[in-house]
Every structure is written in C-alpha cells, then in structure tokens.
Amino acid sequence: MGTTQSGILGGRLPLGEYESNFSDLHPPLDKHEALVASDRCYFCHDAPCMTACPTSIDIPLFIRQISTGNPIGSAKTIFDQNILGGMCARVCPTETLCEQACVRNTAEERPVEIGRLQRYATDVAMKENKQFYTRAETSGRRVAIVGAGPAGLAAAHRLAVKGHDVVIYDARPKSGGLNEYGIAAYKSVDDFAQKEVDYVLSIGGIEVKNGQALGRDFTLADLSEQYDAVFLGLGLAGVNALRLEGENAEGVDDAVDFIAALRQSKTKADIPVGRRVVVLGGGMTAVDAAVQAKLLGAEEVTICYRRGKEHMNASEFEQDLAASKGVTIRHWLQPKRIAEKDGKVAGIELEYTTLEDGKLTATGETGIIAADQIFKAIGQSFLGAGLGALQLEGGRIVADAEGRTSLANVWAGGDCVLGGEDLTVSAVAMGRDAAESINRAFAAAAPRASAVA
Amino acid sequence: MADLRNNFVGIKSPNPFWLASAPPTDKAYNVERAFKAGWGGVVWKTLGEEGPPVVNVNGPRYGAIWGADRRLLGLNNIELITDRDLYVNLREMKQVKMNWPDRALIASIMVPCEEEAWKAILPLVEETGADGIELNFGCPHGMSERGMGAAVGQVPEYIEMVVRWCKQYTRMPVITKLTPNITDIRKPARAAKAGGTDAVSLINTINSIVSVDLDNFAPNPTVGGKGTHGGYCGPAVKPIALNMVAEIARDPETYGLPISGIGGITTWRDAAEFLALGAGNVQVCTAAMTYGFKIVQEMISGLSDWMDAKGHRNLDDITGRAVPNVTDWQYLNLNYIAKAKIDQDACIKCGRCHIACEDTSHQAITQFVNGVRHFEVMEDECVGCNLCVNVCPVENCITMEELPVGTIDQRTGKPVDPNYANWTTHPNNPMARQAAE
Ligand SMILES: Cc1cc2nc3c(=O)[nH]c(=O)nc-3n(C[C@H](O)[C@H](O)[C@H](O)COP(=O)(O)OP(=O)(O)OC[C@H]3O[C@@H](n4cnc5c(N)ncnc54)[C@H](O)[C@@H]3O)c2cc1C
Ligand SMILES: Cc1cc2nc3c(=O)[nH]c(=O)nc-3n(C[C@H](O)[C@H](O)[C@H](O)COP(=O)(O)O)c2cc1C
Ligand code: SF4
Ligand code: SF4
Ligand code: SF4
C-alpha cells in the first residue's frame, strides 16, 4: 500500500492516520477559550459583522451572552436568525463574511473568532437538546417542500413555528442536502449533519419523505394541487461536463461524488484514491476534493484552474489550507485532452490561458501532467425535471427577494435559485425568508373574521 | 539615572515601594523573598496583643471581580490581623531587620483602645529594631466588631488619643493608617496630626460585598452558607484612594503632613500618580498578591525610566507636583472649551462613540456621511464631555482638542473668551447674583 503505489486504491494509510487526518478542522473552543475569545468583541453599534452575515445574526449580542456566562441565551440569539447556526458555524467561509467585516481586522488584523464562538454556543444548547421554539396553534395550512438541504430545512422550521404543516420530499436516502453529502468531512465530524437535522425537526409538524424525487415520483403540478404552497430547495443536482476527449476513461470522476462517498464512509480507509490526482476547478469543491484526496494518502495532488488566483471562488483561507496540506495549485491552465492507457486515465494535457481584453483565451502552449485520477469540479448545475411552466433563466429558477417564483403559490430558495451565493448560510437565509413570505401570503388570504358573529 | 532613594519621616529605603501590611508581609519567609525581589520596605502584617492570637476562617477568605480575560480588578478579603503568636513575629522581625539593614521594616499594630495595651506592646516592638510603627485604624471587618481597626479609625477623637499615647511611649516614627470607610477623610487625618503623628498612610480596604453566589443566595466569599462584608482593594479602588490622598495633601490643616499612598497600585504609573498627588512613598498589596513579588522590578525600572525621560532627578522632584492643580469644581474655568476630534486613520469604525453620544449624551457624532459608515464629531453639537474618548476601544483615536481663544464655538456661536471665569461669578449662580446686587 502506501502513498506511492500507482492506481486508484483505498487503504493507503495506517488506520490511525485517517482518524487524525479527518478530525475537526477547527476544534471546538472549550469554555475558557470561549470566554477569552468573547472578551475581544467590542459590542459594536450596528455591527459590520452582523451586516456581513447573510442571516443577520446579532453577533455582538450572542458574543456578549457567551462572555456573561449565558451560552444558552446566546444559542437562542443565533437560532432566532439561523436555525442551522450549528452547521454554519462549521462551514461558513467566515474569512469572507462576518470575520472579514469585524472591526478588529482594522485594529490588529485578527478578527474576533465569530465562527468558533457560534459553534461554542450552539454546541452547548444542542448537547442539552435545548428547544427554544414551540409551534403556534395549527393553521390548517399544508406546505410541500422539495429538498431537505439547508434551504428546505430552514423553510420547514420557520413554517412549523408558524403553525403550518410541512411535508418535505427528498430524493436522497438521508436528509441534510450537501450538509450530509457535500461538506468536507473535516468540517462536519461526528455525524453532526444528521444530529442537526433531528434537532431542527424536533419542533414537530414536519414530515420527511426520503427517496422521493420530483420529476420521477411526482411533479410540481401534483404538489400545487395537494398543498396550499410549495417551496423548492432543490440545490444543484447535476455536474458540469468537461466535453473532452477521454472524459469517459476510468478514473475520471465527479468531485462531488467522491466527496459524498467520503462523507458516508466511517473509516475513510475504504475510499479509493489515485497516486497522482489532478483536480479541475477553482472553487470550494475543487479545494475540498483536492485536500481530502491528499488526506487519503495520494502522493501528489494538483489543482488546475483556468484563471488566476484572484479569480478563484475558493477563499484565501481555503487556498492556504490546500497549500498547507501539500496540494499544488496551478493557475492559467485549462484541460485539453485526457490521456488514456487501456481505458484508464494516464494523464491530462493542459493548455495555458491568458486574459485578452477581459476574455479568456488559450495561448496554444500545452503540457502534460501524469495522473491516475482526475476530479471534475468545474461547477454543479441545476436539474429541473417535473417543473412544468416554472420560469428558469441561466439554468436556474427565477425568484424575487422573498423567494416567489413565476408560479402562484410556488416559492424557491437556495442554490437552485438564480443569483444566489451558493453558500449554506445563504440557502438558510433564503429558506427562512421564503417561509416568512409564505406565511404572509397565508395571512393575507385568510378569510376575514366576519363582522357579525 | 534617577535617584529613587526614599526618606520617609526619617525612614530610609532604596526605593519608594513598600509592601503594605497584609499576607505578603506575614512572616520572615515572605519578607525575605520580597527583599530579594527588590522591595524597598515592608509594613509587617498587623500585630495584635500578647496572648492567644486571633483565628481566621477556615473557608475562603477572598472574593474578586474581573475584567476582560479574567484580569483581576478588585479583591476583597475577610482576613484578620496576624494569626501567629506575637513573639514569633517579633523574633522574625528582628532577624529580618538584621539581615536587611538597608530596607525599611515597619511594624503595624492593632491592640484594644486602652492606654495600657499600647504601652505594653510598644517597647516590645521597639526592641526588634523596627524603623517605625503603623497604627492599623483601618481593618473594616472582624476586628472592627471588637472595637479595633476601623471602629477606631471612624472616630477622630479616638485616633488623636491613640496617636498621642504612641508618641508618648515610643521614639519610633508613627504612621497612622486611615480607613476610607468614612465620609470626609480630612477629619481623621486632622485628628492624627493633632495627636502628633509623623505621617498618615491610606487607604486601607473599603467595605464591600464583592459578589453574590446566585445558586446559594449568599455573599462571596461564602463560609458555610453565609458571608460577610469584606475589605475591597486592588486596581478598582485606586481612584478612591487617589482622591483621598489629594484631599489630605491640599487641606490647609494637614498640608505638608507626610503621606504613604496605598490603594490599587499595580504599575509604576500608578505609583507616580500617588507621588504627584502628595504621597512621599507608596505601599502595595493586591498587585503582589496577584502577580508575585517580581512586579516591583517593573515598578522600579518604569519609574526610573520615566523620571529620566522627564528630567526628574529624585522623588522630591515629583512628590506633590499635582497638588496645586487639584481644585474645587467651582474654580474650574468655564471659558475653557474643548471638542472631541476623531483620527480617521486610527478609527476602526466600531460605532461605539456614536451610540454612546447618540443614546446618552449630545447626539454629536455621525454614523453615516453620504451613506457611508463614517464617524465624525459635529462641532456644533459637541459639548466636549469626553465620553466618546472614554468608550473608544482604540487609544488616542479620539482626542479632546482645546478651542483656541478667539475661535468661534460652533455650538454657541460665540468666540472663545480669553478670560478665566468660574462659577463663583457666573450670572446663573444665584449666590453670585446676590453678591453682585
Ligand atoms: C463539495 C461542496 C462543498 C461545499 N462546501 C461548502 C462550505 O464549506 N461552506 C458553505 O457555506 N457552502 C459550501 N458548499 C455550498 C453549500 O453546500 C450549498 O450552497 C448549500 O448546501 C445549498 O443548500 P440547498 O438547500 O440550496 O441545496 P442542497 O444542499 O444541495 O440540498 C438540495 C436537496 O434537494 C434534494 N433534491 C435535489 N433534486 C431533487 C429532486 N428532483 N427531488 C427531490 N429532492 C431533490 C437533494 O437530494 C438535496 O437533499 C459546498 C458545496 C459543495 C458541492
Ligand atoms: C488579605 C488582606 C489582608 C489585609 N490585612 C491587613 C492588615 O492586617 N493590616 C492592614 O493595615 N491592612 C491590611 N490589608 C490592607 C492592605 O494593607 C492595603 O491597605 C489594601 O489592600 C489596599 O492596597 P492594595 O490596593 O494595593 O491592595 C489587607 C489587605 C488584604 C487584601
Ligand atoms: S465587528 Fe467584531 S468586534 Fe464588532 S461586534 Fe462584530 S465581532 Fe464584535
Ligand atoms: S465629547 Fe461628548 S458631546 Fe462631544 S462628541 Fe464626544 S460624547 Fe459627544
Ligand atoms: S469609538 Fe473610536 S474606533 Fe469606534 S467608531 Fe468611534 S472613533 Fe472609531
């Protein structure tokens, strides 16, 4: 075994090494550390961090609650705005969100550790299974949600709080969406995604039907008929293709499948990985696939991105993380052809690129990198079957700021909506806001209480 | 190099930093370590009468309050005077003084308010070779219930009486340690002077309940379910101590009476402030109890370096220098006008100055300018109160700038008057109006 054996193999590392490689990327703060970290917050007025948070969590307030020894109250402040605050604390690219806006960056180039503090407070409350919300009196309204990802779960929770009955349909066997199948293993350890799903659902009034696919088992029209409102939180179920010679060779894989398999594996030792791995793409998915390939024992992992460092969707922090794990990131290279030998990947031919008048153009200069595995991470795409006349644009659902689509009584949110940020936290915000919009629509449509009793 | 040598009522020490009478000076072991670390002198933990010594509680005797990062800001204690036998203390004092002849060794004493009791103990102390005595009229708990400590310090007549006995029965210099648990600190100071004291030292600890245990509903420190008020000290009490020192220093009746400044001294800067307000030297307790004896090294080098930088040659160059600038409110110049000014390069845009001024002061700081988050003082609203300076987390980011004479104060529309004018002559002052009529 080992890291130098050619081919796509599992068990490259001793068992104990997998465990340490895939442990918490940001270990939780203990109580003392949380107190020290919370002391650094200035309790800013109209805090910039709060404006930068897509779910607008009252950050100065929740941090002050930690510092005064009230982590439970702190968790409620977080959950009031973001019921998936626990996952967001683990996966948010805080370095481009709240922590980037923290005034302590200006003061000493070191922000308050908002993400880790948020995890501290939410961990305390979730460990105690502290439930903060009770359902309003049932309204008799029924809402169908398709997709049990962050958007769908956030919408379901808010609707349940308002007293509406919710049924969630999801094609996958487990709920959580990419929280369960996408997020890098070292960001969400100990089966946290499922624990969080259970925590969210324990409000009651939400039924989840797994293994039910829109477009296969039912259509949007069916749901519109059976329910008072529909929310679509479908995410991006498809993967962009390379459209290159050799793409079908053995060893050319979708990064998202690789990542999903990793998340579902207990030991990680059973996940095969190549000796020399090339990852195509420049986003979070590319970095996650590359880093995890390295952690599985690949000898050499290279990310090839067709534009420059400054264009990468992966944040500075993620790029540094990749570098620190020994991943090489190369820029201005686009794939040209995949070289095969006996039906298996042998390498990849790449072509240098440059920007000409703002347009990406190939220079004609090429080179070959030897590889036995290639991961495609050049973007996910929306798969929209069974949606009928729903208006799409650029391959995604068109919705307004409240999540209203072109169809009456149909709302949408999360990655499947045009113009989103493709982040867990944004999906939560969109789901929550759509639920509020649905609730307002119900209230407006409610038969007025008759003046004469 | 600045000369830090101290001569306090004839007691000489290599520097003005003494350890106050408290646990750090409880026995030879501690005091030897303190002298090795560099302390200029010690006031030995308060001695009591001959006979069975007092007993302390066997549960917790300290409570505290903390600032950011659990930095200790205030300490409170319910400890009594020494709980060791008088003769053990005296023997050790004598030995230590012999071992360290260049350091100051003061005996703190608290015995019942009877002439015989004082007459009995003074020769015993004198025999140790101690450089002086300090009368503990300050301990606010336990001992005061037995008619000693603060119970004496709160009655000026008793102070005068006891000081007089001491002056009569010993040749040693007498330092009278005052309790702050009194409305007007000048009264006990005057009484001590009337009794002939050589100096006063202050402050002792302040009556306090430092916190309440909310699970058991009892004050902290809790001893078997009950608590009692304790004595408060540490950084939090420094402002109270500074004021009391200044009050005595500028009181015409006690003017010139040597003062040993105590209360919250933690750094060289604190010490320099006490000296500036009239203290001839300083005593430290809580800072040593928090960080150990080594802190004196920072105090010595800090004071010395500051004196060098400012050209002060010795302690006399500093002592009392700020006293003439302490005055009554009524004599402050009402024609002096200052406005806050924000250094935009230093500002980190936390918004605290804005919300403080907006919610609780004079609505004089912007939050947005042309739709952009921007904090700027509006001179036409600013009354110069200094609140924003105090709440800003960045040092020197907001400063108070004096308006030069003749410039227009945007708030009142009037030019700054060059003449000194105070409340005593102000037209809004009814007394001043009466006097004018
Ligand atoms: C590899 C990877 C790593 C990522 N890492 C991060 C990160 O670290 N931080 C971060 O903030 N964001 C990250 N993201 C983005 C983030 O995961 C998404 O933005 C977020 O999950 C979107 O939530 P969603 O609810 O819109 O969609 P999803 O999480 O994709 O959930 C959609 C759900 O809908 C279901 N579904 C889809 N189609 C159908 C159908 N036809 N019928 C029934 N059910 C259906 C799916 O099974 C899924 O459960 C990552 C994404 C990927 C791919
Ligand atoms: C635990 C403790 C015990 C003390 N015991 C005495 C004492 O026996 N005699 C005395 O004069 N002062 C005593 N004090 C008061 C200190 O000498 C000093 O006046 C006070 O703590 C203020 O100084 P600081 O702020 O530097 O601590 C005691 C203080 C503490 C904390
Ligand atoms: S910006 Fe930073 S310091 Fe200010 S409230 Fe937010 S976390 Fe606290
Ligand atoms: S000095 Fe006072 S009035 Fe002036 S800006 Fe600051 S807080 Fe407001
Ligand atoms: S308090 Fe200080 S740092 Fe904060 S906005 Fe005001 S001037 Fe700027």
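These exercises work through cores, a chain interface, salt bridges and one buried threonine in a predicted model.

**Exercise 1. The nonpolar cores**

Task: Find which residues of the largest nonpolar core touch the most other members, and which helix gives the largest share.

Solution.
- Step 1. Take the largest nonpolar core, which has 81 residues. The members that touch the most others are Trp39(B), Trp118(B), Val125(B), Ile133(B), Leu135(B), Leu202(B) and Leu303(B).
- Step 2. Look for the main contributor. Helix H7 (residues 238–250) of chain B supplies the largest share of this core, with seven residues.
- Step 3. Look beyond this core. Another core of 45 residues lies apart from it; its members include Leu153(A), Val197(A), Tyr199(A) and Ile206(A).
- Step 4. Zoom in on Ile133(B). Leaving out residues up to four places away in sequence, its contacts include Ile106(B), Ile109(B), Leu122(B) and Val125(B). Cys166(B), Met172(B), Pro173(B) and Ile175(B) are also among the residues that Ile133(B) touches.

**Exercise 2. The interface between the chains**

Task: Describe the contact between chain B and chain A by residues, area and polar pairs.

Solution.
- Step 1. Count residues. Chain B brings 15 residues into contact with eleven of chain A.
- Step 2. Take the area. About 1000 Å² is buried between chain B and chain A, and carbon and sulfur atoms give 57% of it.
- Step 3. Count charged pairs. There is one salt bridge between chain B and chain A. Arg373(B) pairs with Asp46(A), with the closest N and O atoms 3.8 Å apart.
- Step 4. Count polar contacts. Six residue pairs are in polar contact between chain B and chain A, both residues being at pLDDT 80 or more.
- Step 5. Locate the main element. Helix H11 (residues 352–360) of chain B gives the most to the side of chain B that touches chain A: three residues.
- Step 6. Sort that side by class. It holds seven nonpolar, three polar and five charged residues.

**Exercise 3. Salt bridges and their settings**

Task: For the salt bridge of Lys238(B) with Asp270(B), say which parts the pair ties together. Then examine other salt bridges.

Solution.
- Step 1. Start with the total. The whole structure has 47 salt bridges over all chains. Side chains of opposite charge can pair when their charged atoms come close.
- Step 2. Check the distance. The closest N and O atoms of Lys238(B) and Asp270(B) are 3.0 Å apart.
- Step 3. Place the partners. Lys238(B) is in helix H7 of chain B and Asp270(B) in helix H8 (residues 268–276) of chain B, so the pair ties together parts 32 residues apart in sequence.
- Step 4. Apply the cut-off for buried, under 20% relative accessible area. Lys238(B), at 16%, is buried, and so is Asp270(B), at 10%.
- Step 5. Turn to Glu247(B) and Arg250(B). They form a salt bridge at 3.5 Å between closest N and O atoms. The two are three residues apart in helix H7 of chain B, so about one helical turn separates them. Glu247(B) is buried at 19%, whereas Arg250(B) is partly exposed at 26%.
- Step 6. Find a network. Shared partners join Asp24(A), Arg90(A), Arg119(A) and Asp123(A) through salt bridges.

**Exercise 4. A buried threonine**

Task: Decide whether Thr353(A) is buried or exposed, and find which backbone oxygen its side chain reaches.

Solution.
- Step 1. Place the residue. Thr353(A) sits in strand E11 (residues 344–356) of chain A.
- Step 2. Read the accessibility. Thr353(A) has 6% relative accessibility, so it counts as buried.
- Step 3. Find the polar partner. Its side chain reaches the backbone oxygen of Arg306(A) at 2.9 Å.
- Step 4. Add neighbours. Leaving out residues up to four places away in sequence, Thr353(A) touches Trp332(A), Leu333(A) and Leu360(A), among others.

Conventions:
Residues are numbered from 1 along each chain as its sequence is written. Chains are lettered from A and ligands numbered from 1 in the order in which they are written. This is a predicted model: local features need pLDDT of at least 70, side-chain atom pairs count only at pLDDT 80 or more; totals for chains, interfaces and linings use all residues. Side-chain values use heavy atoms; hydrogens and water are left out. A nonpolar core is a set of buried Ala, Val, Leu, Ile, Met, Phe, Trp, Tyr and Cys residues joined through side-chain atoms within 4.5 Å. Buried means under 20% relative accessible area, exposed over 50%, partly exposed in between (1.4 Å probe, protein chains only). Helices (H or I, at least four residues) and strands (E, at least two) are DSSP runs, numbered from the N terminus. Contact means heavy atoms within 4.5 Å. Buried area is the accessible area (1.4 Å probe) that two parts lose on being put together, summed over both. A salt bridge is a side-chain nitrogen of Lys or Arg within 4 Å of a carboxyl oxygen of Asp or Glu. A polar contact is a pair of N or O atoms within 3.5 Å; within protein, one must be able to donate a hydrogen and the other to accept it, and residues adjacent in sequence count only if both atoms are side-chain atoms. Ala, Val, Leu, Ile, Met, Phe, Trp, Tyr, Cys and Pro count as nonpolar, Asp, Glu, Lys and Arg as charged, and the others, Gly among them, as polar.
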